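Me: I have a new model open on my screen and would like to talk it through. Could you help me read it?

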Amino acid sequence: MHKLAGGRKKTVSFSSIPSEKKVSSAADCLAFMQGGCELKKVRPNSRIYSRFYTLDQDLSCLRWEPSKKDGERARLDIATIREVRTGKSTETFLHNGPAAEHLAEEAAFSIIHGDDYQSLDLVALSADVANIWVTGLRYLVSHPSAIGHGGGAGGGGGLGEGSIIGEGSLGSKMRSEWLATEFAEVDEDGYGIVAEDTAVATICKLCPGIKEAKVSVCVCICTCLYSMCVCVHVSVQLHQRESNGLA
């Protein structure tokens, strides 16, 4: 199966998002993050704090409030992020006892940052919202050139409502570049083709909330359609050659 670099749109559909708006690209995820939402911050001392997290308009840092820290300390620079993990996989989650047991695995994620690999451990109100933050943050980590050039989520900047819709838009380009990067990592031969099971596993990794069976069906359909297109193209070429020969 060919890599999904631009032909098929990656759609992350979230029915439980408060605004009931479908998030269909990395740009949509970033715009949602710029609007902000409540996340639970899990501390090593078993305390859990509800904070309102937002992504700066220029995509350079995360901020949260309320906080006893001053504004410059209640923030995390995107450039310092090393990794974004899904689930309750860090030491904070694993050794927090009963305090972390009731937190939903699918709604938890951790931001690993800094030279000493500290973790910012968070839990969203739903798996869908967590998926948005993971998708957006992973995009920024893999595309550092986007940091500092985001623009307003609703104004005339690069992530405005009008700029993330349609082919050739910034959102379309961001989505295509992100998917191309993710699939290039699993394309061992570098031919632009990956096995179906590899494609399914990659998509499930990018969208932790989606069911593997559903992805498998979609990948199978895409593979069949691609094969049919190839057959039609070959048939047309053969017909043209025969026609030219007879002429």
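**Reading the model**

Reply: Happy to! The accessible surface of the chain comes to about 13,400 Å², and carbon and sulfur atoms hold 54% of that area. Keep in mind that this is a predicted model.

Me: Thanks! How many helices and strands does the chain have?

Reply: From the N terminus on, the elements run α-β-β-β-β-β-α-α-β-β-α-α-α-α. Counting them by type, the chain has seven helices and seven strands.

Me: What share of the residues in the chain is buried?

Reply: Buried here means under 20% relative accessible area. The chain has 247 residues, and the buried share of them is 40%.

Me: How many of the residues of α4 are buried?

Reply: Helix α4 covers residues 127–142 and reaches 22 Å from its first C-alpha to its last, close to the 22 Å expected. Among its buried residues are Trp133, Leu137 and Tyr139. The helix is mostly covered, with a buried count of 12 of its 16 residues.

Me: Which residues make the nonpolar surface patch of about 390 Å²?

Reply: One member is Met228, which lies in helix α7, residues 212–246. In full, the patch is made by Val217, Ile221, Leu225 and Met228.

Me: Why does Met228 count as exposed?

Reply: The cut-off for exposed is over 50% relative accessible area. Met228 passes because its relative accessibility is 52%.

Me: What percentage of the contacts with a separation of 6 or more joins residues 24 or more positions apart?

Reply: A contact means heavy atoms within 4.5 Å. Among contacts in the chain with a separation of 6 or more, residues 24 or more positions apart account for 52%.

Technical notes
Residues are numbered from 1 along each chain as its sequence is written. This is a predicted model: local features need pLDDT of at least 70, side-chain atom pairs count only at pLDDT 80 or more; totals for chains, interfaces and linings use all residues. Side-chain values use heavy atoms; hydrogens and water are left out. Helices (H or I, at least four residues) and strands (E, at least two) are DSSP runs, numbered from the N terminus. The expected span of a helix is 1.5 Å times one less than its number of residues. Buried means under 20% relative accessible area, exposed over 50%, partly exposed in between (1.4 Å probe, protein chains only). Patches are made of residues with over 30% relative accessible area and no salt bridge: like charges are joined within 9 Å, nonpolar side chains (Val, Leu, Ile, Met, Phe, Trp, Tyr) within 5 Å. Accessible areas come from the Shrake-Rupley method with a 1.4 Å probe; for residues, only the protein chains shown count as cover. A salt bridge is a side-chain nitrogen of Lys or Arg within 4 Å of a carboxyl oxygen of Asp or Glu.
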